[in-house]
Amino acid sequence: MTMAFEGSCHCGKVAYAVDADLPAKAMQCNCSHCRRKGFLLAFFPIDRFTLQRGEDDLRSYHFYKHKIEHRFCTTCGTQSFAIGTAPDGSRMAAINLRCVPEADIAALEIQKVDGASF
């Protein structure tokens, strides 16, 4: 049985749910963007992601190849998720597990990605 989990920005204006179990692994990328923000990301098919509130409080940031739409709260600045395209062309939600209160960050298996070399 799958247990959905929820995440949000710091101020709570933006909130979402993911219809999936909390992952045991997270990706830590060393690109200029992820490194500065300290992201620990997990990826899910877009149909598993539901924005519960805050669409009007979100802005987008794109860089490099513009394949990922980094969404951040205009009030607190937190980027709790992003929307992008996987290498196979499927739409994905990249969830910043640091914004998921249920996530045990210390217990995550970290997969390091050399995004700085892309």
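User: Which residue in E7 stands opposite leucine 58?
Analyst: This is a predicted model, in which local features need pLDDT of at least 70, side-chain atom pairs count only at pLDDT 80 or more, and totals for chains, interfaces and linings use all residues. Residues are numbered from 1 along each chain as its sequence is written, and side-chain values use heavy atoms, with hydrogens and water left out. Strands (DSSP runs of at least two residues, labelled E and numbered from the N terminus) count as paired if DSSP finds at least two bridges between them, and four bridges join E6 (residues 58-61) to antiparallel E7. Opposite leucine 58 in E7 stands cysteine 73.

User: Which residue in the turn of the E6 and E7 hairpin has a positive phi?
Analyst: Six residues lie between the two strands of this hairpin. The positive phi, about 50°, belongs to tyrosine 64.

User: Why is one side of E1 and of E5 left without a neighbour in the sheet?
Analyst: The open sheet of three strands is ordered E1-E2-E5 with antiparallel pairing. Strands E1 (5-8) and E5 (49-53) stand at the edges, so one side of each lacks a neighbour in the sheet because each has a single partner strand.

User: Which residue in E5 is the bridge partner of tyrosine 16?
Analyst: Strand E2 (residues 15-18) pairs with E5 in the antiparallel sense over four bridges. The partner of tyrosine 16 in E5 is leucine 51.

User: Is serine 80 buried or exposed?
Analyst: Serine 80 lies in the loop between strand E7 (68-73) and strand E8 (81-85). With a 1.4 Å probe and protein chains only, buried means under 20% relative accessible area, exposed over 50%, and partly exposed in between. At a relative accessible area of 2%, serine 80 is buried.
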